[in-house]
Structures are given as structure tokens and as C-alpha cells.
Amino acid sequence: MLGNALLLALRELRRNVMRSFLTMLGIIIGVGAVIILVTLGNGATQQVTEQIASLGSNLLMVTPGKRMGPGQSSAAPSFKLADAEAIARETSSLKTVAPVSSRGVTAIYANENWSTSVTGSTEEYFTVGNRHIKKGRMFTASDARLGTAVCVIGETVRAKLFDRQGPIGQHIRLNKLSCEVIGLLESKGQSTMGTDQDDLIIVPLRTFQRRIAGNEDVSMIQVSVKDGYSTERVKQEIGRLLRTRRHLSANEDDNFNVMDMKEIANMLSGTTRMMTGLLGAVAAVSLLVGGIGIMNIMLVSVTERTREIGTRLAIGALEREVLLQFLVEAVVLSSFGGIIGIVFALVASVGLTGIMKVPFVFNMPIVLIAFLFSAAVGVIFGYFPARKAARLDPIEALRYE
Amino acid sequence: MMNTSLIELRGVTKTYGTGTAAMQALRGVDLCIAQGEFVAVMGASGSGKSTCMNILGCLDTPTTGIYHFQGVEVGTLTRNQRALLRRHYLGFVFQGFNLLNRTSALENVELPLIYRHFSPATRHPQARRALAQVGLTGWEHHTPGELSGGQQQRVAIARAIVTQPIVLLADEPTGNLDSARSIEVMELLTSFNRDQGITIVMVTHEPDMAAFAKRVVHFRDGLIEKDHHNHVG
């Protein structure tokens, strides 16, 4: 019975190849969109997780401000260099501690200028951030102590200001400060959030505070925990130390925040996952629209083929055979559209992940769900037209012009 | 059952609509058709001949009266049972051919066999044989659009006889054809009646076509006005 219906349905669709394809297009696009978006979203999520994992799970970031939610904090007093020194001194099992302050600045060399950010820190910054010098040198303890006007620049800054010229030993102007380029960082490329990690200038913290910021503030303290030690314990130790140093009484909340990379990773992948879900839902709506398209065409087709249905009934087709034929036509259209959509989406996903430089994550469940959903769309939206066809009165249908 | 008739109508009436809008299409028709007859049904439009054909074809049921087909009372059957009756015992030829367009002659002829759940191995040769019987060998893969009207009607006849029905019901089979094609079609029908003993009931307007039948039944105002046998052949 089902085999028969399939045979009749396929012959019917073959009679109208172009219309069948156009009908399927809605499903193809719907299924394609769902799979492409989910695949790209999963790829992005995985990339975020991997990149953060590569930074090391032993990195802690201490920022001022009360924690209010992911990525939000309220205003609170800044840290000073002394806070970083205290953490380094009084907390056990640390590898390094780097105080960091930064702000936007326009760097000028000869008649070239470039808007970038300048970061004031100590030589520990390079250890924590896993940055290496490609040419020249990094600043020394004496540079840090004296606050000399020297800087290390990233590859992007070098390219913008110096073009082919060697930068080492040249002087660039950062606002009112003229400083000598002593080192060039090895390129690190784009970060997870799409920012250029080579678009930066690093100066000694003291230089930054005195000659650029004009205050003693430290906006963030990066802490690297020794391998094999619990970041959780270190977080608690730092919390206790900072509460004392910031004179918080027992009933006051922390006005600073110690985040480890795991939390940041969760926060970011949570965001991308949510975006993936949202986009997937929007795409699913287009699948529904595709289903309505199928119903529309099937209804038109039933009207157009009224005489044919009458002939089938006269020849001896049972009501349920006509119903099944039209239902199978709709399901073949939608599931065939689903398969084409899946193939198209996988090819497009491989291409797009390549262009967007995110890993291609093949997600079998979503492919299966999309296929089943498209087949279900055929059943749901095909049933009504099929029932209409099956219930036709053969005499009326044969007389239909 | 005692009667020898293949088809027996007794006091059949058919009323469409209800109340004042009611229209009585048949007003007590008695008709017996025996196995192997070739009956032409004539009458003006509105005379009730089409309604009678629909009832004979088990597409419709009488309002009152009895229709026995091979001794089975059709009026008591369900829609599906009547469909099965049509599938196994009846063949239909229509004025407008009613072939599936963009579908080859062979596939059109196969259609009733598909509904009989025949395997491809049996239905292909059977459909080819039916096409050969109507003289369309070599045209199996042409679609209706590529065939002349006469050829299309011959495909339709092949589709009707491929299941070897007991009764062939033809509703103005020559209505859309010129006289030469009409005569070809009538000769085909006559040969099926003569050689295979298929009972044929055919509605027609044209006395020339009715002349091919052995018996002519005239309808007028929902009743049989005249029922006589031709002595031509």
C-alpha cells in the first residue's frame, strides 16, 4: 500500500519537476539555515573554549568593582601598585603577578599616526600573557623603577607606523610622551572576541602612571597560579587579602572581583550558545514558512488535478489510497527538500567555517532533528490537502473543468 | 439469486436536493442488461441518462429502488466497497479521455493495475498487450500531449480494458472526435464486445454511433422512453 502510494507520488512529482523543486526550496532554505547557523555557532563556541583553554586555566584576573553579573561591575576604587605587590608577597603558590593599566592613545611617528591602546605594566606582563619578543628587548627592572620612556610595540602598530622601516631605536609620540621603541612583540593574531592582539603598545607601569595617565591607579591585576595548584584556594586567599587592604567590614560585599579563565570561558561560550539558539530558532521559523508553502502548492495541486482525482476514484482508487498518495507527495517533497538542505548546509558550513576561521563541528543530532522536522512538516501540512483530495465526490470531480 | 441479468435496475429513482429545490433526475427506471450486450443509451441532456450511467458505474447510489450488479445490491455498499467493485469489475471511458498528462501511454494504462497491486513484472506486459489491442504498439512512451485525440481515446480504452472488466461504461466516447476517429473507436469497442464478450454500456448523442450497438435505450424526463434492438449487426 505504501509502496504503491510512493510509486504514484513519485510519478506525480516527476510530472512537475520545476514546481516540485520550487516547492522544496522553502524547506531547503529552512533546513539549510538551521544547520548552517547551528554549525557556525557550535564552531564559534568551541573556538572560544579552546582559545581560553590555551591561555591556561591557571590565570586569574583581579578587577575592581562589585560583581553584578556576567561582564558587569559597578564603580569602585582602583587598585594601586602596592596591591599587586601585596598579592605577590602574601599569597602562596603564585607564578607571577602583573599589574595592568591601559587607555586609548594616538601614536605618532614622522607623519604617520595610529589610534591604539597603550598598556602600562611590568615585565611580568609578558610571562602572564605568554608574549615573546621578536626583535629588540623587553624593559628591565631599572626601566620599571625609573619609569623611562621606552616601549614595546605589537606587529600591527609597527606596520601602521613604520611600514618597511626598522622600528627599534626610533622614537614615537604617545600624546605628550616621546618614547623609544625597544622591542617588537611576536604576532599573536586575532583573539576570541575578534580583537587584534597585536594592536598594542606596552610601556613600564611607572611611565604609564606618571606620563600618560597622571595617576597611581592600576586597573587590573593579572595573576598566574603555579601549575598543579588550586585556583579556587588562591582566589579565596586573594579575596581575604584584598578585603583587608580595602578595609571592608564583615557585612560589606567585595568591591573587587577575582575571575578565573574557566568562568570567563563559561561566560563567553554561554553568550555564543545563546546566540546560536536564537538564530536557530529564527531559522526554524523559515522551516515552518516552507511547510506552509508546501501546503499551499498541494492545495493548488488538488484543485488543478480534480478531474485526475475523479478518474482515479472511478478506476477504483480507495479514499485512503488517494489520501496516502497526496500525503506521500507532500512528505517526499519536504523530506527530499530536507536532504538537499542538509547536503547544501554541510557544504556551505565547511566553506563558511573556513572563511570565518572557526572549526567545523559536525553535529549529528541537529542534522537528524532537521531531517525529522522537515518530514514532519510534510505530514502536518500535507494532511489537510490530502484529505481534501480523498473526500472529493468522483462524479463532481469528473465533471470539473 | 435467480435472475440471469448482469445488471438489473428496478424502480430506480434519484432525487437531488431536498424540499422545493428537489430535482428528480430518475423517476422509476427498470432496466436489465445481460452479459455480453452492447447497449447505447441516448437522450437529451437532462433526460437522466448521465445519472443512470453514474448509478450503473457504482459512482452514485439510487435514492429509492434497487440496483443489482451480479446479484449484489449496490445501494447498500459503502463508498469503499463500491470503489472495490469498480476496481475489479468495471472499466470507464470518458468523453474527455481523462488521461494523466505528462505521463506516458504505458503508465496511464498501468494505473488500474497499480491499484490492483500488480507487480511491475506482470503489469508491464499486460499494459503493452492492452495497447497492442487498441493498435498503439510503438506509442507506449508517448505522453497524451504527443498523441492525437483518436490515439488518446484509444489509450483510454486500453486503460479501461487492461483489467479485463465485465462491464465497460463509456460516456460519449466519440464526443470529442471527428467522424473518421469516431468510427475507429466504435469499431474497437465493437470488437471488444464481440471477441472478448465485454458488456458495453455507452452514452451517446449521435444516432450513427448508437447504430453500432445491439440495443438502444432512449431516456426522456427521467424515464426510459424506448428500448429496442438493432437488427443491423
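T103(B) is buried, with a relative accessible area of 4%, and this residue of a predicted model makes a convenient place to enter the structure. T103(B) sits in the loop that runs between strand 6 (90-93) and helix 3 of chain B. Once its neighbours within four places in sequence are set aside, the contacts of T103(B) are with N108(B), H142(B), T143(B) and P144(B) in chain B, and with R15(A) across in chain A.

That last contact leads to the interface between the two chains, where 26 residues of chain B are in contact with 30 residues of chain A. The size of an interface is often given as the accessible area lost when the parts come together. For chain B and chain A the buried area is about 2600 Å², and carbon and sulfur atoms give 51% of that area. The polar side of the association can be described through residue pairs: 17 of them, with both residues at pLDDT 80 or more, are in polar contact between chain B and chain A. On the side of chain B that touches chain A, helix 2 (79-89) and helix 3 (105-115) each supply at least two residues, and the residues of that side divide into 10 nonpolar, 7 polar and 9 charged. As for charged pairs, 5 salt bridges are found across the interface of chain B and chain A, and one of the salt bridges in the model joins the side chains of R11(A) and E110(B), with 2.9 Å from N to O.

The cysteines can be taken next, and the count over all chains is 0 disulfides. Why does C151(A) not form a bond with the closest cysteine sulfur? The sulfur of C151(A) is 3.3 Å from that of C179(A), which is too far for a bond because the two sulfur atoms would have to be within 2.5 Å. C151(A) itself counts as buried, at 0% relative accessibility. In chain B, the sulfur of C32(B) has its closest cysteine sulfur in C52(B), but at 12 Å the distance is too far for a bond; C32(B) is partly exposed, with a relative accessible area of 35%.

Another cysteine, C58(B), brings in the backbone, since C58(B) has a positive phi of about 60° although it is not a glycine. C58(B) is placed in the loop between helix 1 (49-56) and strand 4 (64-69) of chain B, and it is buried, with a relative accessible area of 0%. In chain A, D163(A) also has a positive phi, of about 55°, although it is not a glycine, and D163(A) lies in the loop between helix 6 (155-162) and strand 9 (171-174).

How values were computed. Residues are numbered from 1 along each chain as its sequence is written. Chains are lettered from A and ligands numbered from 1 in the order in which they are written. This is a predicted model: local features need pLDDT of at least 70, side-chain atom pairs count only at pLDDT 80 or more; totals for chains, interfaces and linings use all residues. Side-chain values use heavy atoms; hydrogens and water are left out. Buried means under 20% relative accessible area, exposed over 50%, partly exposed in between (1.4 Å probe, protein chains only). Contact means heavy atoms within 4.5 Å. Buried area is the accessible area (1.4 Å probe) that two parts lose on being put together, summed over both. A salt bridge is a side-chain nitrogen of Lys or Arg within 4 Å of a carboxyl oxygen of Asp or Glu. A polar contact is a pair of N or O atoms within 3.5 Å; within protein, one must be able to donate a hydrogen and the other to accept it, and residues adjacent in sequence count only if both atoms are side-chain atoms. Helices (H or I, at least four residues) and strands (E, at least two) are DSSP runs, numbered from the N terminus. Ala, Val, Leu, Ile, Met, Phe, Trp, Tyr, Cys and Pro count as nonpolar, Asp, Glu, Lys and Arg as charged, and the others, Gly among them, as polar.
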